[in-house]
Amino acid sequence: MQKLSGEVFKEYCFGYLFSNFGRVYSLKNKKFLKPYPNSHGYMRVGIYKNGCKKDLFIHITVVHLFGDCNGNFPECEELSKLGLSIDHLNRNKADNSVSNLEIISLQENCSRWPKVERAEDCLPY
């Protein structure tokens with residue numbers, strides 16, 4: 001596994017490692033997984049356990065493992081239950097590095113996005 005300068009990995013589960021840069025590595029296959037976007041552009045990866053696939057949003061998993069850019073960790077698995085969301089500070093949903101992710105209120109997240117993009121992107125991801 002080739003680490004980037006400053007990159008740290010933490011094991012999520014089922015033999016998958018997530019990095020503070022938003023990269024995902026499979027210990028079983030010994031390769032980095034290729035992320036793919038959902039219909040709103042948020043990047044995710046498919047992980048497998050006992051032949052069953054589960055899609056994970058990379059930004060959510062990174063924040064749960066490493067915290068956000070301010071060192072804040074979510075209090076529960078589902079941020080939306082707390083009225084919280086994760087903002088991509090540079091507006092690039094493919095950039096899931098800790099330094100680009102911030103836990104904020106859903107209302108604040110919606111106010112940060114331009115009105116043109118807001119209807120689709122003001123979701124509690």
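Q: What makes the chain's pattern read β-β-β-β-β-β-β-α-β-β-α-α?
A: That is the order of its elements along the sequence, where helices (H or I, at least four residues) and strands (E, at least two) are DSSP runs, numbered from the N terminus. The chain comes to 3 helices and 9 strands. This is a predicted model, where local features need pLDDT of at least 70, side-chain atom pairs count only at pLDDT 80 or more, and totals for chains, interfaces and linings use all residues. Residues are numbered from 1 along each chain as its sequence is written, and side-chain values use heavy atoms, with hydrogens and water left out.

Q: Why is the chain as compact as a globular protein of that length?
A: Its radius of gyration is 15 Å, close to the 14 Å that the globule rule gives for 125 residues, so it fits that description. The radius is taken over C-alpha atoms, and the rule is 2.2 Å times the number of residues to the power 0.38.

Q: How do you know that S2 and S3 pair?
A: Pairing takes at least two bridges found by DSSP, and strand S2 (residues 16-19) and strand S3 (residues 24-26) have 3, in the antiparallel sense. For Tyr 16, the bridge partner in S3 is Ser 26.

Q: What makes S1 and S4 edge strands?
A: The open sheet runs S1-S2-S3-S4, and strand S1 (9-11) and strand S4 (31-32) each pair on one side only.

Q: Which strands does helix H1 touch?
A: Helix H1 (residues 58-66) packs on the sheet and touches S1, S2 and S3, contact being heavy atoms within 4.5 Å.

Definitions and conventions:
Axes are lines fitted to C-alpha atoms, for helices over the stretch in contact, and angles run from 0 to 180 degrees between N-to-C directions.
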